[in-house]
Structure formats: structure tokens, C-alpha cells
Number of protein chains: 2
Amino acid sequence: MPQSRPRIIPEATVARLAVYLRVLAGLADGGRSHVSSGELASAAGVNPAGLRKDLSYLGPCGVRGVGYSVAGLRDRLTDALGGERSRPCVLIGIGRLGSALADYAGFASRGFEFVGLLDTDPAAVGRRVGGLPVRPVAELESVVAETQAAIGVITTPAEVAQSVCDRLVSVGVRSILNFAPVALTVPAGVDVRKVDLSVELQVLAFLDQQRHGTPPLVAPLRAAQGSAR
Amino acid sequence: MPQSRPRIIPEATVARLAVYLRVLAGLADGGRSHVSSGELASAAGVNPAGLRKDLSYLGPCGVRGVGYSVAGLRDRLTDALGGERSRPCVLIGIGRLGSALADYAGFASRGFEFVGLLDTDPAAVGRRVGGLPVRPVAELESVVAETQAAIGVITTPAEVAQSVCDRLVSVGVRSILNFAPVALTVPAGVDVRKVDLSVELQVLAFLDQQRHGTPPLVAPLRAAQGSAR
DNA sequence: ACGACTTTGTTCAGGCGTTCACAAGCGGTT
DNA sequence: AACCGCTTGTGAACGCCTGAACAAAGTCGT
Ligand SMILES: NC(=O)c1ccc[n+]([C@@H]2O[C@H](COP(=O)([O-])OP(=O)(O)OC[C@H]3O[C@@H](n4cnc5c(N)ncnc54)[C@H](O)[C@@H]3O)[C@@H](O)[C@H]2O)c1
Ligand SMILES: NC(=O)c1ccc[n+]([C@@H]2O[C@H](COP(=O)([O-])OP(=O)(O)OC[C@H]3O[C@@H](n4cnc5c(N)ncnc54)[C@H](O)[C@@H]3O)[C@@H](O)[C@H]2O)c1
């Protein structure tokens with residue numbers, strides 16, 4: 001019996017749970033049987049108290065005085081994040097980035113399997129990438145229907161991303177991961193997550209510039225120093 | 001006159017400013033002279049009031065009753081995010097993902113230029129990617145010194161990411177973008193941003209499961225999806 | 001068997017970020 | 001010149017998330 005889930009899980013917590021799960025998988029492969037919240041938090045790059053709070057959304061999973069069972073917690077997280085069942089994904093736009101994703105083994109190990117690769121370029125269609133043939137994008141609807149794909153990944157040029165998204169939604173895909181630098185508009189009930197690499201670089205550049213305005217880190221051994229900021 | 005920044009800009013705002021900047025660049029190309037906060041917010045996928053608040057960190061940039069000057073706001077954002085000067089970047093790990101990044105034109109147009117591509121694989125070294133030759137990773141330190149690279153992008157396997165990061169930090173790189181699925185440890189004063197594609201898929205899977213199961217719901221989420229920290 | 005130590009789970013307060021709502025300012029119109 | 005409508009900019013409330021301190025609970029050692 002699935003006992004009640006009294007609390008709702010914040011999305012920020014969900015993202016971290018996925019990180020914990022990956023760390024735990026590595027620990028399990030290494031033969032570890034137990035971990036403490038401190039060690040796990042360190043490996044995940046978060047605060048130990050925050051980690052315990054995150055895990056508490058799943059109910060008590062640890063043993064006081066001992067820590068968490070690696071295998072037990074891994075299974076529990078796996079279950080909480082959607083079980084072990086394979087999630088079929090379609091990938092649209094098999095260019096440089098799309099090819100890299102299609103060829104990446106790290107997704108399959110987490111239950112995400114590409115079942116359809118689609119492109120509009122005749123030169124790309126027919127090529128095999130990651131063991132799967134690239135099919136013409138005209139077959140998008142039939143591929144989704146055949147494979148019951150649950151997730152659509154968009155790596156097309158930005159100009160066509162919205163139209164590709166609309167077609168995915170129209171055939172029932174309700175989860176979309178978008179790499180194109182545009183904000184997609186979708187009806188309620190469809191989730192979109194966007195990965196914007198240019199923004200990441202721009203944020204880094206901003207933080208760097210901001211740092212130059214402040215005399216930061218080289219610790220002044222001599223105490224006194226005047227101007228801060 | 002670097003004084004005119006009395007207020008600090010939240011990091012979440014900085015990420016959105018970068019998005020606004022891209023939208024504005026497109027609008028400027030289209031010949032538009034003015035935009036309202038509502039239209040801009042719609043194109044960026046955010047709330048109009050939030051957009052105005054974001055822009056207010058830069059001081060008044062608009063004209064009441066009219067809107068924002070496209071070119072003027074674009075220039076102001078460009079300046080706030082670090083100016084137009086080119087930012088030299090080094091990329092370590094020229095595999096599938098690294099090659100896609102090195103070959104991507106969208107970064108250069110925003111001032112990010114790859115000045116060094118490094119890999120350890122003899123088969124990769126010497127290859128030209130995006131007009132640049134791949135050099136042996138042993139030359140990392142000298143490449144950074146020569147090019148004064150400000151940003152390091154890590155697309156190596158996870159096992160070696162920390163050691164690559166350490167080497168980057170040791171030669172003065174203080175901004176790092178990490179694609180490997182590990183939490184990097186860095187000294188204070190170094191910024192790391194992590195892009196974790198598996199986590200994005202896992203969050204989508206979780207949200208989908210929540211939707212299918214009992215409607216004890218997801219938490220009210222933070223609409224924007226910046227990036228992992 | 002008992003005590004002390006370790007580690008979890010929870011509670012509390014604080015900081016950020018987002019949102020709504022409204023007043024101020026500007027252009028256009030009469 | 002004055003009015004009207006439109007849009008910006010901002011002040012304040014609300015809610016979420018983070019970080020820290022505390023109590024419960026279980027284990028290990030004696
Ligand atoms: N490559 C990167 O490092 C990178 C970085 C950041 C963002 N992006 C974004 O990711 C997207 C893809 O980038 P890329 O470098 O792989 O570009 P790319 O040009 O190499 O690949 C795009 C692919 O999409 C295909 N395509 C075009 N129209 C299509 C349609 N209507 N239906 C299906 N497929 C279509 C093209 O044939 C091509 O194969 C772009 O939006 C880009 O802005 C890429
Ligand atoms: N490809 C993807 O779609 C994808 C998705 C998510 C995460 N990632 C992560 O990005 C990273 C790269 O992925 P990939 O698919 O490009 O892998 P890849 O194996 O194709 O490329 C890795 C490259 O790094 C090089 N390398 C290995 N050790 C090195 C070292 N010490 N110094 C410099 N270079 C070294 C290898 O020679 C290889 O060329 C991995 O950590 C992976 O987990 C990739």
C-alpha cells in the first residue's frame with residue numbers, strides 16, 4: 001500500500017533528489033552500504049540540513065545514529081522520481097547538439113531512452129545516431145503514436161522550435177525539454193523546461209565583472225585595509 | 001564611472017536580463033523601435049511586473065506611456081551584463097558534447113569566443129573543430145596563460161572533472177561552466193555553474209508522474225528554470 | 001543493562017524572490 | 001494650455017526556500 005504522501009515536494013527539492021540519486025548509484029557501485037547526510041551532502045554539493053529536509057518529504061528513510069542505507073535510499077528515490085520504468089523520448093533536430101544527446105549513454109542508464117530521432121534535413125535523414133536511424137520530421141506524429149513517447153526534446157533552430165513544440169503537444173506529449181533559445185508557449189498541463197547555455201555563460205561573465213569591482217578573496221593577512229566595495 | 005550601481009542585482013534577475021537581451025536583439029533586427037513591458041515579457045516568458053522590476057535594477061530605462069527603446073535598452077543590458085568585449089573561453093573535453101559547443105555560432109555572437117580546445121585523447125588532438133585545433137590537455141596551463149581565458153567549460157567525463165577544475169583554478173580561471181554530472185569543489189571567489197541534463201529529464205518525469213497519479217500536487221514552482229547551482 | 005555518542009527528523013527564524021496593485025510621469029489630443 | 005489614457009517604476013504583502021539550532025532515537029561500548 002502506498003502510504004499517504006502528506007506533503008507536496010517543492011520542485012527545487014525534486015531537482016536535488018535527482019542529484020542525490022545519482023550520487024547514491026555511484027556509492028552503491030562502490031560497495032558502500034551506508035552514508036551519513038553529511039557525506040552525501042558533500043558529494044552532492046549541498047547543505048546537510050537541507051539534504052535531510054529534502055529526504056524528509058519522502059518520510060523517514062534513515063536510521064538515527066547510523067545514516068541512510070545506500071541501496072534502500074536509492075530505491076526509494078528511484079520510486080519517488082518516477083519508478084524504474086523506461087521513459088521513451090523523441091528528439092527533434094539531429095544537428096550537432098542533437099547528435100551528442102542521441103549518442104549519450106548517460107540517459108539510458110537513468111531510464112530515459114530515445115525511441116525516435118527526427119530531422120528535416122535530407123542529408124541527416126537515414127543516418128544512424130546512437131543505434132537509431134534518423135527519420136524525416138514529417139513522421140513526428142506517427143513516431144510519437146507508435147512509441148508512446150512521453151518526453152520531447154527540441155534541438156532544432158530557434159525559428160522552428162515553437163512549431164515543433166505545437167506538433168508535439170498536439171499528439172499528446174506533455175513534457176518538453178527545450179534547448180532552443182526561445183520561450184515556448186504551451187497550454188496548461190504541459191511542462192516545459194529550458195536549457196539556455198548562452199545565459200549560463202552570460203551569468204558567469206556578469207559575476208566575474210561584479211567581482212572585479214570588489215577587492216575580494218586574497219585574504220589580507222595584515223588586518224587593516226580601507227576601501228571595501 | 002563605475003559608480004552608478006547602488007543596488008545589487010539578484011542572480012535570478014541576471015539570468016533573465018540575458019534572456020531579455022536576446023529578445024531585444026531579435027526585435028532590433030526586425031526594425032522595432034519600441035516595446036512595452038507586456039510584449040517583452042510575453043516574448044521572454046515572464047510576468048510583466050517582474051520584468052519591470054528586473055529592469056529597475058539598472059535604473060529607469062523606459063519612457064512612461066511609451067515603453068522601452070529597443071536599441072537603448074539593448075545597449076544598456078549589454079553594458080550591465082559585462083559590456084561588448086569578447087570573453088575568451090577554454091573548453092576541456094572535445095567529445096560529442098564538447099564538439100557541439102565548440103562548433104556553435106551562437107556563443108560568439110554574444111561575445112563568448114573559444115580560444116582553446118583541449119583533450120587528452122591522441123585521436124582527438126590535432127583535429128580542427130569550429131576553426132580551432134584541438135590541443136593536448138597537458139598544455140592547459142600555457143593555453144590559459146597565453147589567451148588570458150576568463151571562463152572554463154568542462155565537458156570531460158565526470159571522473160576527471162574535478163582535477164580539470166583544479167587545474168583551471170590554479171591558473172586563475174574564476175568562472176567555470178560544468179557539464180559533467182559531479183559537484184565541483186572550488187575555493188571561495190570562484191563561480192561554478194552546472195548544467196545537468198539528466199536532472200532536467202528526471203524533473204520532467206516526476207512532474208508527469210504527479211500529473212498521472214493522484215492529484216496531490218506538485219509544489220507551486222518557480223516558473224523560471226534557471227539552472228542548477 | 002545503562003550511559004554516552006552519533007545521526008536523523010523537525011522546528012524556527014531569516015532572506016529572497018515573485019506577485020499584485022497603485023501612484024507618478026509622459027505623449028497625444030482637444 | 002489642460003485633460004486623458006497609457007505605461008513605467010515602486011512599495012508592500014505573500015510564499016518559498018535556505019540555513020541553523022534542537023530534540024528524538026538508535027547504536028555502540030562498558
Ligand atoms: N550546439 C550548441 O552547442 C548549442 C548551444 C546552445 C544552444 N543551442 C541551440 O540548440 C539548437 C540546435 O543547435 P545545433 O548546434 O545542434 O544546430 P544544428 O544546425 O547543428 O542542428 C539543427 C538541426 O535541426 C534540423 N532542423 C531544422 N529545422 C527542423 C525542423 N523543422 N524539424 C526538425 N529538424 C529541423 C536541422 O536539419 C539540423 O540538423 C539551436 O536552437 C541552438 O540555438 C545549441
Ligand atoms: N553528450 C551528452 O549529451 C551529455 C549529456 C549530459 C551530460 N554529459 C556529460 O558531459 C561530459 C561529456 O560528455 P560527452 O558525451 O561529450 O563524452 P565524450 O566521451 O564524447 O567526450 C569526453 C571527452 O573528454 C576527453 N577527456 C577525457 N579525459 C580527459 C582529460 N583528463 N582531460 C581532457 N579531456 C579529457 C575524452 O578524450 C573525450 O574526447 C560527460 O561528463 C557527460 O556525462 C554529456
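Here's a quick briefing on how confident the model is and on what surrounds ligand 2 and DNA strand D.

This is a predicted model, and chain A comes out with an average pLDDT of 89. Ligand 2 has residues from both chain A and chain B around it, so its site is shared between chains. DNA strand D also has residues of both chains among its nearest neighbours, including A:Arg16 and B:Ser37.

**Confidence in chain A**

- In chain A, 90% of the residues score a pLDDT of at least 70.
- Residues 1–6 of chain A stay under 50 in pLDDT, and the model gives this stretch two contacts beyond four places in sequence.
- Residues 214–229 of chain A also stay under 50, with eight contacts beyond four places in sequence.

**The ligand 2 site**

- The shell around ligand 2 holds 23 residues, and the closest are A:Tyr104 from chain A plus B:Arg96, B:Leu97, B:Asp119 and B:Thr156 from chain B.
- On the chain A side, A:Tyr104 puts a polar side-chain atom 2.6 Å from an oxygen atom of the ligand.
- A:Ala100 uses its backbone instead: one of its polar backbone atoms is 3.3 Å from an oxygen atom of ligand 2.
- Over on chain B, a polar backbone atom of B:Leu97 sits 2.9 Å from an oxygen atom of ligand 2.
- As for burial, ligand 2 has 820 Å² of accessible area on its own, and the protein covers 84% of that.
- If you're picking through the pockets, the space that ligand 2 takes up is the second largest one.
- Three helices each supply at least two residues of the shell: H5 (96–102) of chain A, H5 (96–102) of chain B and H7 (158–170) of chain B.

**The surface near DNA strand D**

- There are 24 residues around DNA strand D, and A:Arg16, A:Arg64, B:Ser37, B:Gly62 and B:Tyr68 come nearest.
- What does the protein meet on the strand, sugar or phosphate or bases? Counting atoms of DNA strand D within 4 Å of the protein, 71% belong to sugar or phosphate, and the rest belong to bases.
- For the bases, A:Arg64 has a polar side-chain atom 2.7 Å from a base nitrogen of DNA strand D.
- B:Arg52 has a side-chain N or O atom 2.9 Å from a base nitrogen of the strand.
- For the phosphates, a backbone N or O atom of B:Cys61 is 2.9 Å from a phosphate oxygen of DNA strand D.
- The elements giving two or more residues to this surface are helix H3 (48–56) of chain A and, from chain B, helix H3 (48–56), strand S2 (62–63) and strand S3 (67–69).

How values were computed:
Residues numbered from 1 in each chain as written. Chains lettered and ligands numbered in written order. Predicted model: local features only at pLDDT ≥ 70, side-chain atom pairs only at ≥ 80, totals over all residues. Heavy atoms only, no water. pLDDT = per-residue confidence, 0-100. Contact = heavy atoms within 4.5 Å. Near = heavy atom within 4 Å. Polar contact = N/O pair within 3.5 Å; in protein donor to acceptor, adjacent residues only side chain to side chain. Areas by Shrake-Rupley, 256 points an atom, 1.4 Å probe, with all protein chains shown as cover. 1 Å grid on protein atoms, 1.4 Å probe; cavity = no way out; pocket = protein on both sides within 12 Å on 5 of 7 lines; lining within 4 Å. Sits in = over half its atoms within 2 Å of the grid points. Helix = DSSP H or I, 4+ residues; strand = E, 2+ residues; numbered from the N terminus.
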